[in-house]
Amino acid sequence: SLGVGGEPWQWHTSLYFTVVTLTSTGYGDFVPKTVSGRLFISAAILVGFAVIPLQLSQLVKLLAEARELQSRAFDGTGHVVISGYVSLSSLEAILKEYFTGIQALQQSMRQEVVIVTPERPSEEIRRFIKRETFGHRVHFYRGTVLEEEDCRRINIKEARACFVLTDKYSPYPAEEDSATIMRLLALRMANPDLRLFVEVIRAENKTHAEMI
């Protein structure tokens with residue numbers, strides 16, 4: 001027990017004691033009275049000083065990365081955009097086929113790929129991109145093609161093609177296809193000459209996608 005006279009502290013007392021201890025304030029109004037309590041507090045302080053700075057540095061890194069993904073702009077031309085629901089399997093299939101074709105037919109051309117998604121790319125996707133020889137040609141942007149500003153940031157007017165991917169295992173296929181159609185409409189408005197490659201779940205929606 002950490003309390004005075006062996007009585008346990010209430011949760012708010014324990015929280016107060018932890019905060020003033022780890023911040024080196026240490027008012028001394030609450031102290032552990034038992035040997036086990038002192039050993040526990042000593043271990044907690046050591047762990048806190050080791051773990052908290054590491055977690056804070058990771059948090060700062062993530063925040064800085066999020067700001068970069070949301071603010072920077074792509075100024076290249078003739079690039080390929082990948083948007084929608086970007087999974088590791090679909091991304092791997094597209095990129096490997098795309099860059100294999102480029103190397104075989106147009107080795108002198110430097111092709112770039114821009115991936116734009118509302119969420120931060122997963123660690124699995126990052127590891128896949130990093131280990132591939134074409135990794136330096138792939139750029140991540142956080143956003144959506146439904147937003148005009150995000151389309152400007154990825155320079156969609158100068159892109160030559162766009163893949164619109166979908167969650168093929170979604171429990172709501174109608175809603176998923178509707179979101180895909182909306183992305184197609186936004187892309188067509190942003191760049192009427194853009195080549196569009198799209199995934200849809202329901203067969204009846206394929207006709208709607210082909211008409212855009």
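Select strand 2 (113-117) to begin: five of its five residues are buried, so this strand is largely enclosed by the rest of the structure. Buried here means under 20% relative accessible area, while exposed means over 50% and partly exposed lies in between, with a 1.4 Å probe and protein chains only. Strands (E, at least two residues) and helices (H or I, at least four) are DSSP runs, numbered from the N terminus. The model is predicted, so local features need pLDDT of at least 70 and side-chain atom pairs count only at pLDDT 80 or more, whereas totals for chains, interfaces and linings use all residues. Residues are numbered from 1 along each chain as its sequence is written, and side-chain values use heavy atoms, with hydrogens and water left out.

Show the side chains of strand 2 next. Val113, Ile115 and Thr117 point one way, Val114 and Val116 point the other way, and all are buried.

Now add the neighbouring strands, bearing in mind that two strands pair if DSSP finds at least two bridges between them. Strand 1 runs parallel to strand 2 and is joined to it by three bridges; within this pairing Val80 stands opposite Val113, and Ile82 has Ile115 as its bridge partner. Strand 3 also runs parallel to strand 2, with five bridges between them, and there Val116 stands opposite Tyr141.

Move the selection to strand 1 (80-84). Both of its faces are covered, since Val80, Ile82 and Gly84 on one side and Val81 and Ser83 on the other are all buried. Strand 4 runs parallel to strand 1 and is joined to it by five bridges, with Ser83 opposite Val164.

Which residues touch the most other members of the largest nonpolar core? Select Ile82, Leu91, Leu95, Val113, Ile115, Ile129 and Val138, which hold that place among its 19 residues. A nonpolar core is a set of buried Ala, Val, Leu, Ile, Met, Phe, Trp, Tyr and Cys residues joined through side-chain atoms within 4.5 Å. The elements giving two or more residues to this core are strand 1, helix 3 (88-105), strand 2, helix 4 (123-131), strand 3 (138-142) and strand 4 (161-165), and helix 3 gives the most, with five residues.

Centre the view on Val113. Setting aside neighbours within four places in sequence, Val113 is in contact (heavy atoms within 4.5 Å) with Val80, Ile82, Leu95, Tyr98, Phe99, Arg137, Val138 and His139. Apart from the largest core lies another, of 18 residues, including Val81, Cys151, Leu184 and Ala209.

Turn then to the rings, where a search of the whole structure finds three aromatic pairs. Rings of Phe, Tyr and Trp (its six-membered ring) pair if their centres lie within 6.5 Å, and planes under 30 degrees apart count as stacked, over 60 as edge-to-face and the rest as tilted. Phe128 and Phe134 have ring centres 6.3 Å apart and planes at 70°, so this pair is edge-to-face; Phe128 is buried at 0% relative accessible area, and Phe134 is buried at 6%. Phe163 and Phe197, with centres 5.0 Å apart and planes at 20°, are stacked. Because Phe163 lies in strand 4 and Phe197 in strand 5 (residues 195-198), the pair ties together parts that are 34 residues apart in sequence.

End at Ser170, in the loop between strand 4 and helix 6 (173-190). Ser170 is buried, with a relative accessible area of 14%.
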